[in-house]
Amino acid sequence: MTIKISDEGHMSVKAMMATILQDQMTLRGVSSLSPSDYEEIVELLIEKLRELEFSLAAREITNKHER
């Protein structure tokens with residue numbers, strides 16, 4: 001796994017996730033995607049996770065009010 005680190009010595013979580021995804025896809029024989037494709041996939045995954053988190057929090061609040 002190759003992780004690119006910025007001049008400040010750190011990289012974003014999104015960049016790390018994109019690198020991990022790219023490495024895992026390559027291990028599975030997928031090599032047709034560009035680095036920007038992996039970044040876009042990670043961005044979509046993070047967005048979906050946020051939506052799920054908000055939905056679960058709303059459900060929890062609703063359930064508390066119904067009790």
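User: Happy to be looking at this one with you! What makes the contact between Lys48 and Glu51 a salt bridge?

Analyst: Glad to help, and bear in mind that this is a predicted model. The closest N and O atoms of Lys48 and Glu51 are 3.8 Å apart. A salt bridge needs a Lys or Arg side-chain nitrogen within 4 Å of a carboxyl oxygen of Asp or Glu, so the pair of Lys48 and Glu51 at 3.8 Å qualifies.

User: How do you know that Lys48 and Glu51 are separated by about one helical turn?

Analyst: Both sit in helix α2, three residues apart, which means a separation of about one helical turn.

User: Why is Lys48 called exposed, and why is Glu51 called partly exposed?

Analyst: Exposed means over 50% relative accessible area, and buried means under 20%. Lys48 has 54%, so Lys48 counts as exposed. Glu51 has 40%, which falls in between, so Glu51 is partly exposed.

User: What makes Lys64 and Glu60 a salt bridge too?

Analyst: Their side chains meet at 3.5 Å, N to O, and that value is within the 4 Å cut-off, so the term applies. Lys64 and Glu60 are four residues apart in helix α2, again about one helical turn. Lys64 is exposed at 54% relative accessibility, whereas Glu60 is partly exposed at 47%.

User: How many salt bridges does the whole structure hold?

Analyst: The search finds three. One of them pairs Glu43 with Lys14, with the closest N and O atoms 3.1 Å apart. Glu43 lies in helix α2 (residues 35-66) and Lys14 in helix α1, so this pair ties together parts that are 29 residues apart in sequence. Glu43 is partly exposed at 33% relative accessibility, and Lys14 is partly exposed at 35%.

User: How do you know that the span of α1 agrees with what is expected?

Analyst: At 1.5 Å a residue, the 15 residues of α1 should span 21 Å, and the end C-alpha atoms are 21 Å apart, so the two values agree. After α1 comes Gly29, with a positive phi near 90 degrees.

User: Why can Met16 belong to a nonpolar surface patch?

Analyst: Met16, which lies in helix α1 (residues 13-27), has 33% relative accessibility and counts as partly exposed. A patch residue needs over 30%, so Met16 passes that cut-off. Val13, Met16 and Ile20 form the patch, with about 250 Å² of accessible area together.

User: And what does the protein chain look like overall, in helices, strands and buried residues?

Analyst: The protein chain has two helices and zero strands. Buried residues make up 9% of its 67 residues. The chain exposes about 5700 Å², of which carbon and sulfur atoms supply 58%.

How values were computed: Residues are numbered from 1 along each chain as its sequence is written. This is a predicted model: local features need pLDDT of at least 70, side-chain atom pairs count only at pLDDT 80 or more; totals for chains, interfaces and linings use all residues. Side-chain values use heavy atoms; hydrogens and water are left out. Patches are made of residues with over 30% relative accessible area and no salt bridge: like charges are joined within 9 Å, nonpolar side chains (Val, Leu, Ile, Met, Phe, Trp, Tyr) within 5 Å. Accessible areas come from the Shrake-Rupley method with a 1.4 Å probe; for residues, only the protein chains shown count as cover. Buried means under 20% relative accessible area, exposed over 50%, partly exposed in between (1.4 Å probe, protein chains only). The expected span of a helix is 1.5 Å times one less than its number of residues.
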